[in-house]
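The following paragraphs offer a guided reading of one protein model. Please keep the sequence and the structure in view while reading.

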Amino acid sequence: MKKKYIILFLAIVIVNVFVFSIFSQVKWYDFNAGYSAVKNSKKPAVIDFYADWCIWCKTMDKETFGNPMVAKKMGNDYIAIRINVENNEAIVFDNKQYTPQEFASYCGVDGLPTLVFMDKKGQLVTRIPGYIKSDVFLSLLDYMKGECYKKKVSFSDYMKDKGCNK
């Protein structure tokens, strides 16, 4: 009898881990589909510029985007767009066509990983180069969602008191 309860408990744990892992992943769009989703949903976007060879991109993918709280917040509040700078897909932005490399250059990307934030209207807001830890990224997502940059609150001031009201 005790053995049945142990097996039942383990089955429940395994199912929960499986379900949790499925729902804790970021749903990534390619640029064109993501840009269309921004326009239709009126959600802002996070654009992740990466390359397969980039160690810090892989680290950020695992440690930051792999964080269940990050995945949930991005899924609820953002359109997540991912651009591999080494692909040859056509990117259409503001009625112009770009390669991923050209669009990265247009956005000011000069190293990987780099994140670019886009507002609800599909306008580019800012770019942030380098690896970002999940705790900082969660705060950054809140900062951008709250449009604190429009209120002229710096991210460092926001981090001091977690608000964007002056």
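Consider first how the chain is connected in space: of the contacts between residues at least 6 apart in sequence, 61% join residues at least 24 apart. The model is a predicted one. Its 166 residues include 38% that are buried. The protein contains seven helices and seven strands, and along the sequence these follow the pattern α-β-α-β-α-α-β-β-β-α-β-β-α-α.

A suitable place to begin is helix α3, which spans residues 55-63. Its buried residues are Cys57, Thr59 and Met60. Viewed down the axis of α3, these buried residues fall within an arc of 160 degrees, so they line one face of the helix. The face turned away from this buried side carries the exposed residues Ile55, Lys58 and Lys62. Among the elements that cover the buried residues of α3 are β2 and β6, the latter formed by residues 114-118.

The next helix, α4, comprises residues 68-77. Which of its residues are buried? They are Val70, Ala71, Met74 and Asp77. These residues cover an arc of only 160 degrees around the axis, which puts them on the same side of α4. A general property of helices is relevant to such an arrangement: an α-helix has 3.6 residues a turn, so residues three or four places apart point the same way. On the other side of α4, Met69 and Lys72 are exposed.

What do the buried residues of α4 pack against? Their partners are the strands β1 (28-29), β2 (45-50) and β3 (79-84), together with helix α6 (134-145). Strand β2 has thus appeared twice, since β2 also helps to cover the buried residues of α3.

The pairing of α4 with α6 can be described in greater detail. The two helices pack at an angle of about 15 degrees, and their axes are 10 Å apart. Angles under 35 degrees count as roughly parallel, and α4 and α6 are therefore roughly parallel to each other. Their crossing is left-handed. On the α4 side, the residues that take part are Met69, Val70, Lys73, Met74 and Asp77; they meet Ser134, Phe137, Leu138, Leu141, Asp142 and Lys145 in α6.

One of these α6 residues, Ser134, merits separate attention. Ser134 has a relative accessible area of 17% and is buried, because the term applies under 20%. Leaving out residues up to four places away in sequence, Ser134 touches Glu63, Thr64, Asn67 and Val70. With Asn67 there is also a polar contact of 3.3 Å between the two side chains. Asn67 has a further role in the geometry at the start of α4, where one of its side-chain oxygens reaches to within 2.7 Å of the backbone nitrogen of Met69.

A last site lies elsewhere along the chain, at Thr99. This residue is found in the loop between β5 (96-98) and α5 (100-106). Is Thr99 buried, exposed or partly exposed? With a relative accessible area of 27%, Thr99 is partly exposed. Apart from its neighbours within four places in sequence, Thr99 is in contact with Glu89 and Ile91. Glu89 is 10 residues from Thr99 along the chain, and the C-alpha atoms of the two residues are separated by 6.3 Å.

Key:
Residues are numbered from 1 along each chain as its sequence is written. This is a predicted model: local features need pLDDT of at least 70, side-chain atom pairs count only at pLDDT 80 or more; totals for chains, interfaces and linings use all residues. Side-chain values use heavy atoms; hydrogens and water are left out. Buried means under 20% relative accessible area, exposed over 50%, partly exposed in between (1.4 Å probe, protein chains only). Helices (H or I, at least four residues) and strands (E, at least two) are DSSP runs, numbered from the N terminus. The arc is that of the directions from the helix axis to the C-beta atoms. Contact means heavy atoms within 4.5 Å. A polar contact is a pair of N or O atoms within 3.5 Å; within protein, one must be able to donate a hydrogen and the other to accept it, and residues adjacent in sequence count only if both atoms are side-chain atoms. Axes are lines fitted to C-alpha atoms, for helices over the stretch in contact, and angles run from 0 to 180 degrees between N-to-C directions. Angles under 35 degrees count as roughly parallel, over 145 as roughly antiparallel, 65 to 115 as roughly perpendicular and the rest as oblique. A crossing is left-handed if the near helix is turned anticlockwise from the far one by less than a right angle, and right-handed if clockwise.
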